[in-house]
Number of protein chains: 2
Amino acid sequence: MEKSYTEMEQNFLQFYKQIEAYEEAAGLIGWDLRTKAPKKGVAQRTETLSFLAQKVHELSTSDEMKNYIDQLRNSDNKIIKASIDECEKEYNKSRKIPINEFTEYVQLTSTAESVWEEARENNDFETFRPYLEKIVDFNIRFAEYWGYKDNRYDALLDNYEPGVTVETLDKVFPELRNNLTNLLDKVNQSEDKPDPNLILSHFPKDQQEKFSLKVLEQMGYDFDAGRLDETVHPFATGLNPNDVRVTTRYDEQDFRMAVFGTIHEGGHALYEQGFDPELYRTPVCNATSMGIHESQSLFWENFVGRSKAFWDKNYDLFLEHAPESFKNIDKNQFYRSINEVKPGFIRIEADEMTYALHIMIRYELEKGLINQEIEVKDLPELWNQKMKDYLGIEPKNDSDGVLQDVHWSSGGFGYFPSYALGYMYGAQLEQSMRKTLDLEEVIHSGDLSPIKNWLNDNIHRHGSMKQPLNLLQDVTGEGLNPEYLVKYLDQKYNKIYNW
Amino acid sequence: MEKSYTEMEQNFLQFYKQIEAYEEAAGLIGWDLRTKAPKKGVAQRTETLSFLAQKVHELSTSDEMKNYIDQLRNSDNKIIKASIDECEKEYNKSRKIPINEFTEYVQLTSTAESVWEEARENNDFETFRPYLEKIVDFNIRFAEYWGYKDNRYDALLDNYEPGVTVETLDKVFPELRNNLTNLLDKVNQSEDKPDPNLILSHFPKDQQEKFSLKVLEQMGYDFDAGRLDETVHPFATGLNPNDVRVTTRYDEQDFRMAVFGTIHEGGHALYEQGFDPELYRTPVCNATSMGIHESQSLFWENFVGRSKAFWDKNYDLFLEHAPESFKNIDKNQFYRSINEVKPGFIRIEADEMTYALHIMIRYELEKGLINQEIEVKDLPELWNQKMKDYLGIEPKNDSDGVLQDVHWSSGGFGYFPSYALGYMYGAQLEQSMRKTLDLEEVIHSGDLSPIKNWLNDNIHRHGSMKQPLNLLQDVTGEGLNPEYLVKYLDQKYNKIYNW
């Protein structure tokens, strides 16, 4: 990549630094709000956060930005070219929405989030319904403003997974669904199921933390460029490429929350710690998509953290931190227990076999709503029907059903598919990685840096220089293909459930 | 105070909110840099901090600000009037300095700080000297730009202690010095000195933290509007009036560092948690001076935390957290030990009897430099001579002498006197408080809220609506008077040293 910039390019990067400064300050405030901030200080802090967001918006949609876009659109410098593409996309997205509509929408979603929270608590879809109807209407209008080729929903998908369309998803999801439900049948019919209660005994928080930190270390997470803190809803956040923080949650009755949560967020963090320094301080020093981001967290959580090899290597270490009650659990039974598959109502509690099914339900409903093929009022019924069809269970109430996710109340239509894409990308990356790495051997060695280095080279360092499907093509030699995920699940769970 | 604002006043407050937002973001970054930030992330974070400071500077010196100042200078609303005064002062201070000189000065001090750090490490005043000479020259010029009535140094003092002048200080410092050196003679001649080693045994950090938290609680520190964290150089910081954080440092060989440090910073924090809500979101929602701020921290640290009554009440609680080795220490001997007086070279390690003497040395040297009566090159010698005269000891090297403080390298001329003022203010406040409160009884009760409430009512709630000496006059009925501090020290140490 080129290092020398023209004067105009330097000016543009200098201008962009302002956006970055606001985003860094906002990022730290966001981290603090979710980890440390005392409750009374939140009200004013939130105003400050909005102010910073407004400043980013002003700069991103400014005439100065437009000028840089026009002047540098055809730059010979690849980093500048890709950066300008990013900025232009952002510029257009924002400028195409009339400002009064946007303001109204921001207010609506901000109210809707608290309405949703209460509705979920009270199992009361009807209170939330009018808000959701308005949010859907706004998203339909936004999609029209932004434009699309084939399907209106593509305009929303593009916000999270650029280049992925309804056509892409409709090609893979039905096949994936068939395969997953088949596998799930085998699981359900198994007569040798793991015992989930085996591992559910009290595990002190400080020992969970110590073990989690050791695993992060094995992964190659750089503690001089990040830290681990406690929170309610775990996340990773890159404040800058050298300050990428991980958070986790400790459940003393179920250590999996913290251990697999830390590995998951650690996977996200390695992505953001791994950008090529040449991209620092440019708009492409970012993840290329939510799906690729999720592929990184899932790769570490599932393909590494929930693997047989990982526990063969780390079970003794784990027992050093685990309380007495764990000492008599057979390693293989332990491994089977942490990999229990069980259809449940709640997406965020789902295992790796059923997770994508939860996503498909949401995808189909979103697509229907945005294309005006289904109506908000029918959502609860449709939700429950699909749960029955895909997972074989039906929630007893909307709180465990259509009301469970925050995404719609905040207007995040188009986001859900990224989660399922992350699983498929992850499995495809694993197969490619195996061409040059003996994964089991690496994991057994206790030094996971060859995995991290492979991901650094193939995924992380590129930032958002390549769109997700192009990146996938370059690394794996093919496009999106659900077969790898299915094959991985089949081989793994065949052994766990003895079918 | 008035609650209704004219439209112009509302616009001004709205405008001011931008400054506040930048300051809040910068405040959080500052807190994070000193408590949590991973080291590799610091470089970019520092740039972001400069950017935010620059934004504050731009707004504070903008034509829009000038317009509000001109329009609202004679507002009937007291809060607005005082706010405009604050803003005008800031505006003038900044605008009177030619921009190129200011830029040069910022660069100079930023370099000088690292030069100083190295010079102190290497005991090498000569390397630092040319930088300090330039900084003094700048401060002389700034003082001339800003203007003053009697003494050039007044212009600098005004940045930290508005209304206090060389005339004020020269009236009280000599008297205070005489009295302190007399007291110190008595201490030195005492044949019944406390044993300082009695309390210096290993004290685990987590137990120090637990005890410190309990003391903060007794003080009435609001943990829903703040938190306690660990740092290297303890500080308190008000990010907003409902998020005022305390930091402390744990020395496992000397619990006093954390316990008295926490009480000290807690005192600062109570000030910033105690502003009248009517002042929130205005420029007067701030401490009125560094000296009054210091009076609050010192009041709690010394008049409460190092008092006989406090340890009579809390010694059992202390022992619950202290290790076995403390269990046999007699309470009275303990009390005497924590109040040992001993002239030392280092200001920040000084006890309450010698502290002000350290300050006077610095004050006299600063005043001489700014009035061009002494030269930078003569500082080391003058320093050592004054140490001998005032404290009876002479540092063996400049690292323990003239090079020990960061202040001059960062251009903080005029700051030092505030520390000594804080001691005198604190003693004056104590005497006033005693008119309505039986301090010993309150402290014995374990519920310190009457003290906090008194300080809330008399000091905190006013923010910077009153200048420090006016505030003092209103609360105590008199001006600055060192007698109270002397009397307090005499009575307290008479008993400790049995003279």
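Which helix of chain B lies across E1, E2 and E3 of chain B? Helix H1, residues 7-35, does so, and runs at about 145° to E2(B). The notes below start from there. Keep in mind that this is a predicted model.

1. **The sheet under that helix.** In chain B, 3 strands form an open sheet in the order E1-E3-E2, with mixed pairing. Strand E1 (228-230) and strand E2 (236-240) of chain B are the edge strands, each pairing on one side only. From one strand to the next, the twist averages 30°. E1(B) and strand E3 (residues 243-248) of chain B run parallel and are joined by 3 bridges. Within E3(B), Val246(B) is the bridge partner of Leu228(B).

2. **Strand pairing in chain A.** Here strand E1 (residues 228-230) runs parallel to E3(A), with 3 bridges between them. Leu228(A) has Val246(A) as its bridge partner in E3(A). Strand E2 (residues 236-240) of chain A pairs with E3(A) in the antiparallel sense, over 4 bridges. One of the partners in E3(A) is Arg245(A), which is bridged to Thr237(A). E2(A) and E3(A) make a hairpin, and 2 residues lie between them.

3. **A strand covered on both faces.** Strand E3 of chain A (residues 243-248) is mostly covered, with 6 of its 6 residues buried. In a regular strand, side chains alternate between the two faces of the sheet. In E3(A), one side carries Asp243(A), Arg245(A) and Thr247(A). The other side carries Val244(A), Val246(A) and Thr248(A). Both faces are covered, and these residues are all buried.

4. **The annotated active site.** An unreviewed UniProt entry places the feature "active site" at Glu265(A). Glu265(A) sits in helix H10 (residues 256-273) of chain A. Is Glu265(A) buried or exposed? Its relative accessible area is 9%, under the 20% cut-off, so Glu265(A) is buried. Not counting residues up to four places away in sequence, Glu265(A) touches Pro234(A), Phe235(A), Ala236(A), Val246(A) and Thr247(A). Among these, Val246(A) and Thr247(A) are buried residues of E3(A), on opposite sides of that strand.

5. **The annotated binding site.** For "binding site", the unreviewed UniProt entry lists His264(A), His268(A) and Glu294(A). Why can they be said to gather at one spot? They span 31 residues in sequence, yet no two of their C-alpha atoms are more than 8.8 Å apart, so they gather at one spot.

6. **The two histidines of that site.** His264(A) lies in helix H10 of chain A. His268(A) lies in helix H10 of chain A as well. His264(A) counts as buried, at 11% relative accessibility. His268(A) also counts as buried, at 11%. With neighbours within four places in sequence left aside, His264(A) is in contact with Glu294(A), Ser297(A), Leu298(A) and Glu301(A). On the same basis, His268(A) is in contact with Ala236(A), His293(A), Glu294(A) and Ser297(A).

7. **The nonpolar core.** How many residues does the largest nonpolar core have? The number is 311. Those with the most contacts inside it are Phe318(A), Phe326(A), Phe334(A), Ile451(A), Phe318(B) and Ile451(B). Leaving out residues up to four places away in sequence, Phe318(A) touches Phe203(A), Phe211(A), Phe255(A), Trp311(A), Phe326(A) and Phe334(A).

8. **Two further buried residues.** His321(A) is found in helix H12 (residues 308-321) of chain A. His321(A) is buried, at 8% relative accessible area. Beyond its neighbours within four places in sequence, His321(A) is in contact with Phe203(A), Gln207(A), Lys210(A), Phe211(A) and Lys214(A). In chain B, Glu101(B) lies in helix H5 (residues 99-122). Glu101(B) is buried too, with a relative accessible area of 12%. Not counting residues up to four places away in sequence, Glu101(B) touches Phe138(B), Arg141(B), Phe142(B) and Tyr145(B).

9. **How the chains relate.** A turn of 180° and a shift of 0.1 Å along the axis lay chain B on chain A, with an RMSD of 0.0 Å. That is the relation of a two-fold axis. Which residue of chain B comes closest to the rotation axis? Ala25(B) does, with its C-alpha at 3.1 Å. Of the interface residues of chain B, 100% are also interface residues in chain A, so the copies meet through the same surface.

Terms used: Residues are numbered from 1 along each chain as its sequence is written. Chains are lettered from A and ligands numbered from 1 in the order in which they are written. This is a predicted model: local features need pLDDT of at least 70, side-chain atom pairs count only at pLDDT 80 or more; totals for chains, interfaces and linings use all residues. Side-chain values use heavy atoms; hydrogens and water are left out. UniProt positions are given in the numbering used here, feature names are shortened, and annotations may be inferred rather than shown by experiment. Buried means under 20% relative accessible area, exposed over 50%, partly exposed in between (1.4 Å probe, protein chains only). Contact means heavy atoms within 4.5 Å. Two strands pair if DSSP finds at least two bridges between them. Axes are lines fitted to C-alpha atoms, for helices over the stretch in contact, and angles run from 0 to 180 degrees between N-to-C directions. Copies are superposed by least squares on the C-alpha atoms of residues with pLDDT of at least 70 in both. A nonpolar core is a set of buried Ala, Val, Leu, Ile, Met, Phe, Trp, Tyr and Cys residues joined through side-chain atoms within 4.5 Å.
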